[in-house]
Amino acid sequence: CDKLFSYQSDVREGEFQSPGFPSHYPNGVSCKYKFIGRANQRVKIQFTQFNVHGRPPGCEHDFVNIYSQLKHETEDLLEAVMTGPFCGESKEDLPKMVVSTYNFLVIWFYSNHEKSSGGFHGTWEFIDAVTSLSVHYDMGTMAPNTCGYTIRSDHKDHGFIMSPTYPGIYSDNLYCYYKLHGRPGQRIKLVFEDFSLFYGGEYCPFDFLRIYDGFTKNKPVIGTFCGSFNQTTVIFSTGEALWLDFVTGEGRLIFAASNGASADYKFARRGFNISYTFSDQFVKLECDQRILSGKESNGTFVSPGYPANFKQGIVCRYYMDGLMDEQNLEKVKVSFFDFNIPGNMPYCLLGYVGENEDGRLSDGSVKNKYCGSNDPPPITSVGPRMVITLNTTGAVQGGKFVARYTFITDYDVPGEQPEEGKCRFLYNNVKTTQGTTNSPRHPNAYPSNLDCEYVFRPLIDHLISISFSSFTLSDSPSQLCDTGDYLAIYEDVGTFIKENFTLTEKYCGTTIPGPYMTSRLLKLVFHSDDRLSYIGFKATYRFIKKQDIDNTCSTYVINARGSGGIIMSPNYPNKYPPLTRCEWIIHASNRDHRILVEVSDLNLEGDCSEVAVRLFDDSASIRPMEVLCGKKKDDQVTDSYLSLADNFRILFLSSPSSLGANGFKLSWTEVYQGPAPSVECSGFRCVVNKYCISSTLKCNNEPNCGKGDDSDETAECSRTSGIQILHIAIGTSISSFFCIILLICGFYHRRKFRSDRAPADHDHVEVRYVSAPTGCNTTDRLLMEDRHELNNDHHKTTTHTSPRCQKV
């Protein structure tokens, strides 16, 4: 079933399909479709129908692979870069178009010996590398054995730069560079004619085009681009050279799945087509400036000719680009001084200063216009780029301005920032009731060597509730998370006059914090070291009125009185409700006694994100000794926790989004160990842990002696008590059955030997039943009865006794 499509046939286009299409393809076939064009041609394919047995992305059964980066006809497919595998029933999971990097392309179709499906159908075409679709793949001098191009203005002063397979889907793990060299005094203008790279966030962690302002990639970065752009995106160099890096990665499918996609081909990945122009006729630098950040740098820019008035009928743009790389993300703040642009707000018909971002509005429109003699308010960009446009077209007279720019570190965290550039954020329910917060740049990797604070201030009649939906930090070699990256939770235990934050919990790795709720001032501290970074965390916060908390339970104070008991989640063993806070405080009857808590049953939903049970070994402590989440396995040894003082606190929290589960059951016991095991115990002494507990807790089918010690349920309890009770019941039933049988037999015996003659009228028999003495059983009584003799002539009463019961 192999097929060859070659330029030698003088056919430039056609169709390809699976064997037997449109019927089901056969089982156990391996077909290769080879497309070989001329040296100046590319191969373009598109699928029109697709139904191949299997489930993407694994495609364990049947599959289609596409090899579009082959340099030679005889290249080993097992070693070549491929696109795929593809299977399933959805054509949407396939790339819409594939264009080969060179003049070779191979489709490999495989089916196993199991179920088959309808197969596939598609079209192919040999396209010229120079003229097809207004695309010119002849971009310049190509570097040998790599994807690199050098473009010089002496050879060509304008043209196009394209990704290798534009407009077809580009492949994973690509690296291509483009060097543009002009003559001294020239500048380079780039226009994004078409730009479509996979977008994974502002940081562009998967695929990107990075542009450097100079001859090498050691020069300042103008910008890193991914996602979609159009012809309104214009970039100028400050000199005669630019360097462009095009990089693609892999792993998009995992990211795409979080956006509801089963394949990353559902996102546009055409690549890019960028026009370039070398010229010394561009506007002078004083009117068309590019300002690159030197990391949180600042400075000024002015109107042309300042302090004199600018000329009428000009358009100037000031491009300010903050840093955007693995460690840096910045935004731009611009403030105006000595501002006087003729015109009236908001129309500004005689001229204006306007602002937009990313150069997307370079066709003349702007997001906001400013004119008049009043200084505009400070402007802060959303992303790393800001473009200020001065347009004096139609102005009747000139004007002027001075502007100060500041590049500020952008942490991409929602929240009020008291100090610009500082990783510190405030949240209070005067301004908002709920929202989200996250680690810097989430879901992209957070920067290294960073310390951030998130402060939540609830009103006096409110609680602050925080639930974490995502949490991935680097692992710490210590369980205490005292090194590496971590998130720490603090509560203010001071007064309103003086703050006193105390550490309550600390998390690292992938252990997601449980829902947290407090009426105190709350602070989260995020720390990253100089090692690897991960996606960090995302959390939802809510300011909740205390009266709105589910009133299923509140705070219970339990006086142990030397005994023990059970604590259960609301509605146990049925589902607990969402947004519920329950608290239990247990007090021992003696200061020398302790409270022992053991987990009898634990069945909480999922991980810790929705519900958690916190155990405090002292009711005054705000740092739990343990946080319980998830489920307890049936064969798991019962965990136990002992208080430090004579009290214990248990706190149950479920988030607003909790769906509920069976909940938990905990047993608590007041215990006394004393200075030595030999101390007298008036109750029961646990065999292993030597706790002295109340004797009323023995054999109650609940753990009361601590982890690894079940002596309270075995030492003085009959291990087979249940079996013995069953045996007694069975024995009693069998004895009763035999007694009934004997009574029936005795009755039958009397009837059998009784005379059939009716007694004379004067005959009278009196039978007395004599109580059997102690030791006589039912059989003895029957024998006594059988030995009565009847006297037909006289009224006579005769009493016989059983030989075994002589003492009557």
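The accessible surface of this chain comes to about 40200 Å², and 50% of that surface belongs to carbon and sulfur atoms. Please keep in mind, as we go through it together, that what you see above is a predicted model. The chain has 808 residues, of which 49% count as buried, and its secondary structure comes to three helices and 49 strands. If we take the contacts between residues at least 6 apart in sequence, then 78% of them join residues that are at least 24 apart.

Let me turn now to one sheet among these strands. It is an open sheet of four strands, and if you follow the order across it you read β31-β38-β33-β36, with antiparallel pairing. The edge strands are β31, covering 434–438, and β36, covering 516–518, and each of these pairs on one side only. On average, and ignoring direction, neighbouring strands of this sheet are turned by 20 degrees against each other.

Staying with the edge strand β31, we find that its antiparallel pairing with β38, residues 536–545, runs over five bridges. Which residue of β38 is the bridge partner of Thr 436? The partner is Thr 540.

Finally, I would like to look at a single residue, Gln 69, which is found in the loop between β5 (63–67) and β6 (83–86). Is Gln 69 buried or exposed? Its relative accessible area is 18%, and because buried means under 20%, Gln 69 counts as buried. Leaving aside residues up to four places away in sequence, Gln 69 touches Val 81, Thr 101, Tyr 102, Ser 171 and Leu 174.

Notes
Residues are numbered from 1 along each chain as its sequence is written. This is a predicted model: local features need pLDDT of at least 70, side-chain atom pairs count only at pLDDT 80 or more; totals for chains, interfaces and linings use all residues. Side-chain values use heavy atoms; hydrogens and water are left out. Two strands pair if DSSP finds at least two bridges between them. Helices (H or I, at least four residues) and strands (E, at least two) are DSSP runs, numbered from the N terminus. Axes are lines fitted to C-alpha atoms, for helices over the stretch in contact, and angles run from 0 to 180 degrees between N-to-C directions. Buried means under 20% relative accessible area, exposed over 50%, partly exposed in between (1.4 Å probe, protein chains only). Contact means heavy atoms within 4.5 Å. Accessible areas come from the Shrake-Rupley method with a 1.4 Å probe; for residues, only the protein chains shown count as cover.
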